[in-house]
Amino acid sequence: MIDTNLPQFESELIEVVNLFDGGDALTIRHRFKESENKFINTVTINGQVYAYGNLVKIVDGELEKKRLTKRYAKLSLYKGLAKHFQKDLPWGALTGIRPTKLAYQQLEKGEDFTSFFTDVMKVSEQKTALVKSVIDTQKGIYKKDDDNTDFFVFVPFCPSRCKYCSFISADIKSAQKHVDAYVDAVVDEILHAKPLIKKLRSIYIGGGTPVALSDENLEKILCAIDGINTGVEYTVEAGRPDRITKSNLEILKKHGVTRICINPQTFSDKTLKLLGRNHTANDVIEKYFMAKDLFDVNMDLIAGLDGETQEDFKNSIDKAIELSPENITVHTLCIKRGSYLAESEKRLSGDVVANMVDYANRELTKAGYSPYYLYRQKYMAGNLENVGYTKPNKACVYNIDVMEEIAQNVSCGANAISKRVFFGGERIERCASPKDVATYIAKLDQIKLKKEKLFS
């Protein structure tokens, strides 16, 4: 808790406190006052007082004033905590999921976002350069148009549950009684959603592990999408190599899929076993070579996995570069409630994970990949980030649109969240489906009406 006279921003201030290990054990008092175009924030940490004043030019009324009040309150609290702990964090006072979105906002105002990041928000030069690289790579793909639409289908079944996973997914064996009914419901929802699509940008079937479905059920979903596909980028999360087969790859190809995800997470057999993934590193390699001539391939790795060393992660990055998929995304381990690892006491230090992430950036860039999308999450090791890297002209349009929130997203399935954007993403309205599979099936008619109302 934090004692503040800005209770409307208490949750955001707590986010800043949580950036620092041990921050939740401190006694913190925060006071804000306004005086002659100056915002004054006084932060008291365990009795030590830190005061900061910021000259503020407010040009757009109360909404802009509220935004700047929150910004400088968070920034002042960050500065006080950084002094208390004698530690600067790589992302400074930024707590948001999408640093690039803030950078684009600055650019659209005709301002230099790099100096704003480093001088005002105290972001490191390294992370500021990363954001600039992402924006440079997105040129030609990043397009604000309220009619642009991405289409998403969620399949919440996996061969088994990974120990780091907190997604809404179920072991397909234990959920078998719901699978056929779920597929029929999703097909119904897909057909109902077709008229809601305006300018289609991409299609994405995610999970879970969509190829955990039988060939028959997988093809039912793909057949429903056939009436939507206009030859755009079309991605399916094949994900787990233990469920990729020659048969389901042929089905995906027949229905116009252009890109699949094959996600090893690590090339260490020891770690894979620990995580509960029922495959080996060689299985990943075998299925990759089975698929690489049919599709562009996205590949995910995780930095900071329980039990992994710096050398383990280095070997995984080196192996991924050797395989040379079109995209490689490097995730920083994020321990959320609902995952098995949330209860584990084993954690790599933030400095070790930061070294892993730095190694990935250095080696992938050297190999010809460029960062093209970036996002952050709560509870990430070292308060770092997830970064997608791409070969030239191979960026995944869906990832850019979703991360930057610049296109409509018509979504189908349990736990799917449809989004409608207004004014290039300045305002976003959402419509979420129930997480539970049985509840989703039972409420399908209500879900369809709710989504129709959102996009009408």
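Q: If contact means heavy atoms within 4.5 Å, which elements do the buried residues of helix H10 pack against?
A: They pack against helix H8 (246-254), helix H9 (269-275) and helix H11 (310-323), plus strand S10 (259-262) and strand S11 (296-303). This is a predicted model, where local features need pLDDT of at least 70 and side-chain atom pairs count only at pLDDT 80 or more, while totals for chains, interfaces and linings use all residues. Residues are numbered from 1 along each chain as its sequence is written, and side-chain values use heavy atoms, leaving out hydrogens and water.

Q: What makes H10 a helix, and which of its residues are buried?
A: Helices are DSSP runs of H or I with at least four residues, strands are runs of E with at least two, and both are numbered from the N terminus. H10 covers residues 281-291. Its buried residues are Ala281, Val284, Ile285, Lys287, Tyr288 and Ala291. As background, an α-helix has 3.6 residues a turn, so residues three or four places apart point the same way.

Q: Why does Thr271 count as buried?
A: Buried means under 20% relative accessible area, exposed means over 50%, and partly exposed is in between (1.4 Å probe, protein chains only). Thr271 comes in at 4%, so buried is the right word for it. You'll find Thr271 in helix H9.

Q: Which residues does Thr271 touch?
A: Leaving out residues up to four places away in sequence, Thr271 touches Thr266, Leu305, Asp306 and Glu308.

Q: Why is Cys223 called partly exposed and Cys396 buried?
A: Cys223 has a relative accessible area of 42%, so it goes in the partly exposed class. Cys396 has 0%, so that one is buried.

Q: How many disulfides are there, and how do you know?
A: The rule asks for a pair of cysteine sulfur atoms within 2.5 Å, and by this rule the count comes to zero. Take Cys223: its closest cysteine sulfur is in Cys412, 16 Å away, so that is too far for a bond.

Q: Why isn't Cys396 bonded to Cys261?
A: Cys261 holds the closest cysteine sulfur to that of Cys396, but the gap is 7.0 Å, so again it's too far for a bond.

Q: What makes S2 and S3 a strand pair?
A: Two strands pair if DSSP finds at least two bridges between them. Strand S2 (residues 28-34) and strand S3 (residues 38-45) have seven bridges and run in the antiparallel sense, so they pass that test. For one of the bridges, look at Arg31, whose partner in S3 is Thr42.

Q: Where do S2 and S3 sit in their sheet?
A: Four strands form an open sheet in the order S1-S2-S3-S4, with mixed pairing. Strand S1 (3-4) and strand S4 (48-55) are the edge strands, since each pairs on one side only. In general, strands of a sheet pair through backbone hydrogen bonds, either parallel or antiparallel.

Q: How do you know that S16 and S17 pair?
A: Six bridges join strand S16 (residues 417-422) to strand S17 (residues 427-432), and the two run antiparallel. Set against the bridge rule, that makes them a pair. Ser418, for instance, has Cys431 as its bridge partner in S17.

Q: What do S16 and S17 form, and what stands out about Phe423?
A: The two strands form a hairpin with four residues between them. Phe423 sits in the turn and has a positive phi of about 55°.

Key: Contact = heavy atoms within 4.5 Å.
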